[in-house]
Amino acid sequence: MSKAIAEMRGLFRAEKGNNQAYFAWLAPVRMLVITIVAFGYASTMPRGPGNAEYFNMFGYDPSWYGIQIIFMISGFLALHSLCRHGSAFKFLLSRIVRNFPALVVFSGLVILVLFPLFAVPMASGDTRLSQHLVYFLKVVTCLDPAVVTPGLLDNALYMCVVQGGIWTFRWGLIAFATTALLWAIGGLRNPRMLLLLTLGATMAYAAIVAFAVGNPDVVSGQAMQAVVTGLRLGWVYLAGMCLYAYRAILSRSLAVPFGFLVLAAIQYFFLPWTPLIEICAELGLGYLVFLAMTSRMPVPKKMDKLPDLSLGLYIYNWPTAQITLLVMPALTPYTLFAISFPITVLLSYVTWFLVSRKINFRLREYVQAQSA
């Protein structure tokens with residue numbers, strides 16, 4: 001194990017010394033993926049639940065592909081971070097510190113801005129203060145970041161929901177905590193062990209989904225749904241780790257991702273449905289993202305100066321679209337996205353400039369100082 005981690009660290013140092021901009025495309029690519037997620041949400045929001053998003057592919061919505069790719073990127077960066085400093089504690093601390101302030105800002109805006117402007121009076125039950133306190137704690141601790149907000153958007157097609165993709169933060173926290181634990185006990189330091197773990201999680205997801213389709217009554221409970229969701233996000237997170245662990249020997253040919261996509265298309269159009277359609281499609285799209293974010297091509301100067309607004313875009317895109325639609329209910333999906341997404345970008349930039357920028361800079365200094 002010590003030899004494996006030494007090899008990983010050696011690869012990282014070589015990359016850093018030979019090419020300082022090795023991950024220069026990370027921020028633009030990640031923001032593009034989140035933009036696709038936001039468009040998928042906006043495309044169905046005026047039509048309500050049960051309607052497929054625009055550009056649905058192989059039976060799966062673009063927002064789902066995007067969320068899974070975000071988890072794949074997170075897995076890639078998780079192993080990168082651990083190979084750099086080797087500390088499970090620093091890894092977990094950095095993830096919590098990066099996300100916590102943005103969640104606080106989001107919760108504060110919901111409580112202090114959206115409720116006073118758009119909420120209806122409470123008919124009975126808890127006081128507004130206790131409701132806000134419970135809501136705030138559930139969101140910032142990620143115990144239930146998808147908690148609904150009674151009294152706000154009660155008449156929307158997606159009633160009471162302003163959270164959007166924030167529900168995934170709980171799964172992200174679970175993934176980070178599990179990563180830190182497995183790293184501390186040596187479970188992620190051997191690339192072969194990591195590959196076996198990834199294959200096992202992928203096969204487990206495929207098996208349980210196939211079983212669920214044939215036995216819907218058996219797997220309808222919340223516990224089983226949680227298992228399915230955890231495996232659905234978990235296998236791509238582990239796949240991202242494998243992409244990092246084996247990046248030096250992976251092909252950079254576009255034939256690989258397009259081969260996976262063609263395989264998914266053949267299964268979808270000519271063969272009976274199986275969970276492998278989603279898995280092949282996600283591997284194809286994820287590999288494309290891997291090639292893009294690790295590209296050695298220089299980033300254009302104007303693009304290189306852009307801050308990484310990924311976290312803000314992910315948090316704000318759904319509530320911004322919801323409120324925009326509430327104010328202008330006649331909007332079509334395309335016009336909704338055209339109006340709401342620039343507002344999302346503005347909110348993301350303000351949050352980054354006032355909150356995240358300084359915190360991330362100090363956190364980076366701390367990790368680098370401790371790793372020296």
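Cys 142 lies in the loop between helix H5 (128-140) and H6. This is a predicted model. Phi of Cys 142 is near 65°, a positive value in a residue that is not glycine. Most residues other than glycine have a negative phi. Cys 142 is buried, at a relative accessible area of 9%.

Phe 58 has a positive phi too, of about 60°, although it is not a glycine. Phe 58 sits in the loop between H2 and H3. Its relative accessible area is 12%, under the 20% cut-off, so Phe 58 counts as buried.

**Overall make-up**

What is the chain built from? The protein chain has 13 helices and 0 strands. Read from the N terminus on, its elements run α-α-α-α-α-α-α-α-α-α-α-α-α. The chain holds 372 residues, and buried residues make up 48% of them. Take the contacts between residues at least 6 apart in sequence: 78% of these join residues at least 24 apart.

**Helix H7**

Helix H7 covers residues 191-214. Does its length fit its residue count, or not? The helix has 24 residues, and at 1.5 Å a residue they should span 34 Å. The end C-alpha atoms are 35 Å apart, which agrees.

Asn 190 caps the N-terminal end of H7. A side-chain oxygen of Asn 190 lies 2.9 Å from the backbone nitrogen of Arg 192. Which residues of H7 are buried? They are Pro 191, Leu 194, Thr 198, Ala 201, Thr 202, Tyr 205, Ala 206, Ile 208, Val 209 and Ala 212.

**Packing around H10**Helix H10 spans residues 276-293. H10 packs with H3 and with H2.

H3 covers residues 62-85. The axes of H3 and H10 come within 10 Å and cross at roughly 55°. That angle lies between the roughly parallel range, under 35 degrees, and the roughly perpendicular range, 65 to 115, so H3 and H10 are oblique to each other. H3 passes H10 in a right-handed crossing. On the H3 side, the contact involves Trp 64, Tyr 65, Gln 68, Ile 69, Met 72, Ile 73 and Phe 76. On the H10 side, the residues are Glu 278, Ala 281, Glu 282, Leu 285, Gly 286, Val 289, Phe 290 and Met 293.

H2 covers residues 26-44. The axes of H2 and H10 are 8 Å apart, and the two helices pack at an angle of about 150°. An angle over 145 degrees counts as roughly antiparallel, so that is how H2 and H10 run relative to each other. The crossing of H2 and H10 is right-handed. Leu 26, Val 29 and Val 33 of H2 make the contact with Val 289, Ala 292 and Met 293 of H10.

Val 289 and Met 293 of H10 meet H3, and Val 289 and Met 293 also take part in the contact with H2.

**Helix H6**

Helix H6 covers residues 168-184. Thr 179 is found in H6. Is Thr 179 buried or exposed? Its relative accessible area is 3%, so Thr 179 is buried. The side chain of Thr 179 makes a polar contact with the side chain of Tyr 237, at 2.8 Å. Leaving out residues up to four places away in sequence, Thr 179 touches Ala 78, Leu 82, Phe 91, Leu 188, Tyr 237 and Met 241.

Ile 174 is in H6 as well. Ile 174 has a relative accessible area of 41% and is partly exposed. Ile 174 and Gly 234 are 60 residues apart in sequence. In space, their C-alpha atoms are 9.6 Å apart.

**Helix H9**

Gln 267 is placed in helix H9, residues 255-270. At 9% relative accessibility, Gln 267 counts as buried. Which residue joins its side chain to that of Gln 267 in a polar contact of 3.5 Å? The partner is Thr 274. Neighbours within four places in sequence aside, Gln 267 is in contact with Pro 272, Thr 274, Leu 276, Ile 277 and Cys 280. Leu 276, Ile 277 and Cys 280 fall within the residue range of H10, 276-293.

**Accessibility at a glance**

| Residue | Place | Relative accessible area |
|---|---|---|
| Thr 179 | helix H6 | 3%, buried |
| Gln 267 | helix H9 | 9%, buried |
| Cys 142 | loop between H5 and H6 | 9%, buried |
| Phe 58 | loop between H2 and H3 | 12%, buried |
| Ile 174 | helix H6 | 41%, partly exposed |

Technical notes. Residues numbered from 1 in each chain as written. Predicted model: local features only at pLDDT ≥ 70, side-chain atom pairs only at ≥ 80, totals over all residues. Heavy atoms only, no water. Helix = DSSP H or I, 4+ residues; strand = E, 2+ residues; numbered from the N terminus. Expected span 1.5 Å × (residues − 1). Buried < 20%, exposed > 50% of the residue type's maximum accessible area, 1.4 Å probe, protein only. Polar contact = N/O pair within 3.5 Å; in protein donor to acceptor, adjacent residues only side chain to side chain. Axes fitted to C-alpha atoms, helices over the stretch in contact; angles between N-to-C directions. Left-handed = near helix turned anticlockwise from the far one by under 90°. Contact = heavy atoms within 4.5 Å.
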